[in-house]
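Reader: Could you walk me through this structure, one question at a time?
Author: Gladly, have a look at it here.

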Amino acid sequence: MNAVPRFAATATGAPTPAMLAAWDRDGVLVIEDAVSHADCDSLIERSRAIVDDWDPTSGAAVFSTTAPRHAADRYFRESGDAIRVFLEDGAVDADGTLTRPKHAAVNKLGHAMHDLDPVFDRVSRRPTLAALACGLGLADPRLVQSMVIWKPPSIGGAVTCHQDATFLITDPPSVIGFWLALEDADAGNGCLFVIPGGHRGPLRQRFHEVGGELVTEALDSTPFDESATVPLPAPKGTLVVLHGTLPHGSAPNTSERSRMAYTLHAVDGAARWSAGNWLQRASDIPFHGFERSA
Ligand code: FE2
């Protein structure tokens, strides 16, 4: 098993030579205490308030990576410049009615938290994160997608092994994922797993629009090396940075503890954003970098 090193956050956020070497070798960086517990709590509080204000009869979508039937759902497709609530697969009956209280049923919030909510905007655009993104090679970072992964107790769904570049396509490929533990994540409540070094493998799939439909197109049949998978337990405030082609996922949360995480994805503005990406912005809400004023 290839252990993934852990790093302390630097004062400026800029990566050290040792961090850059790990990034090149592993395609993943684990940075402990990157974000304060107070900021994590602020994001949790805002997330709960968003769900408090949300009417579950207003057109919810069930999100599942094992059965992507949401793909044709406008609720999903029009969430690239909105904040929408998505539900766990097992939390809705055949009629679409919630089988549990809404806070216990959420799969995720997405996908423009960082542009539309002032608290998410502030935490997402922290100077240390900008310095980190720049240091990892994003010359002109654009923040394109944000999500709160809810992972509620007992029914939080698995996220199957995937590469983020499957879903956020630029030419050349440029996406980097920032995954922040808002609560302690461990093997018991469905922490991340990764295949260190797997970013040097090919991109396996592309999820994009073809003829008006969102499809998953096979690009390369090389299987993920499941034997090389390692869990990444992450105490609250830990930031995990994921190369766009690094295979990763998470197990279901079968525990009695929640496992909330915040994810932010950035691409290079110098790379061409694919017109086929599922995530498209209206012209009045373009992608911004880290320095956009709210
Ligand atoms: Fe991912």
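Reader: Which residue in E12 is the bridge partner of Phe207?
Author: Before we start, this is a predicted model, in which local features need pLDDT of at least 70 and side-chain atom pairs count only at pLDDT 80 or more, while totals for chains, interfaces and linings use all residues. Residues are numbered from 1 along each chain as its sequence is written, and side-chain values use heavy atoms, with hydrogens and water left out. Strand E11 (residues 205-210) pairs with strand E12 (residues 213-218) in the antiparallel sense over six bridges; strands (E, at least two residues) and helices (H or I, at least four) are DSSP runs numbered from the N terminus, and two strands pair if DSSP finds at least two bridges between them. The partner of Phe207 in E12 is Thr216.

Reader: Which residue in the hairpin of E11 and E12 takes a positive phi?
Author: Two residues sit between the strands of this hairpin. One residue there has a phi near 60°, and that is Gly211.

Reader: Thanks! Which helix gives the most to the largest nonpolar core?
Author: A nonpolar core is a set of buried Ala, Val, Leu, Ile, Met, Phe, Trp, Tyr and Cys residues joined through side-chain atoms within 4.5 Å, where buried means under 20% relative accessible area, exposed over 50% and partly exposed in between (1.4 Å probe, protein chains only). The largest one has 59 residues, and those with the most contacts inside it include Leu29, Phe178 and Leu239. With five residues, the helix that gives the most to this core is H2 (residues 37-52).

Reader: And how many residues are in the second, separate core?
Author: This core includes Val28, Val30, Leu192 and Val240. Its residue count is 16.

Reader: Which residue of helix H2 makes a side-chain polar contact with His103?
Author: Leaving aside neighbours within four places in sequence, Lys102 and His103 are in contact (heavy atoms within 4.5 Å) with one and the same residue of interest, Asp52. That residue is found in helix H2 and counts as partly exposed because its relative accessibility is 48%. A polar contact is a pair of N or O atoms within 3.5 Å; within protein, one must be able to donate a hydrogen and the other to accept it, and residues adjacent in sequence count only if both atoms are side-chain atoms. At 2.7 Å, the side chain that makes this contact with His103 belongs to Asp52.

Reader: Why does Thr170 count as buried, and what is its relative accessible area?
Author: Thr170 lies in strand E8 (residues 170-171) and touches Val267, Ala271, Arg272 and Trp273, not counting residues up to four places away in sequence. Its side chain reaches the backbone oxygen of Pro172 at 2.7 Å, and a 2.9 Å polar contact joins it to the side chain of Ser174. Thr170 is buried because its relative accessible area is 7%.

Reader: What backbone oxygen does the side chain of Lys151 reach?
Author: Lys151 lies in the loop between strand E6 (141-149) and strand E7 (159-162). Lys151 is buried yet has no salt bridge, and Glu88, the nearest side chain of opposite charge, is 6.8 Å away; Lys and Arg count as positive and Asp and Glu as negative, while His and the chain ends are not counted. At 2.8 Å, the side chain reaches the backbone oxygen of Ala251.

Reader: Which side chain makes a polar contact with that of Asn107?
Author: Asn107 lies in strand E5 (residues 106-111) and counts as buried at 10% relative accessibility. Its C-alpha atom is separated by 4.6 Å from that of a residue 19 places along the chain, Glu88. The side-chain polar contact, at 3.2 Å, is with Glu88.

Reader: Which residues do shared salt bridges join into one network with Asp115?
Author: A salt bridge is a side-chain nitrogen of Lys or Arg within 4 Å of a carboxyl oxygen of Asp or Glu, and the structure holds 13 of them. Arg125 meets Asp115 at 2.8 Å, N to O, and Asp121 at 2.7 Å. Arg142 also forms one with Asp140, the closest N and O atoms being 2.6 Å apart. The network joins Asp115 with Asp121, Arg125 and Arg281.
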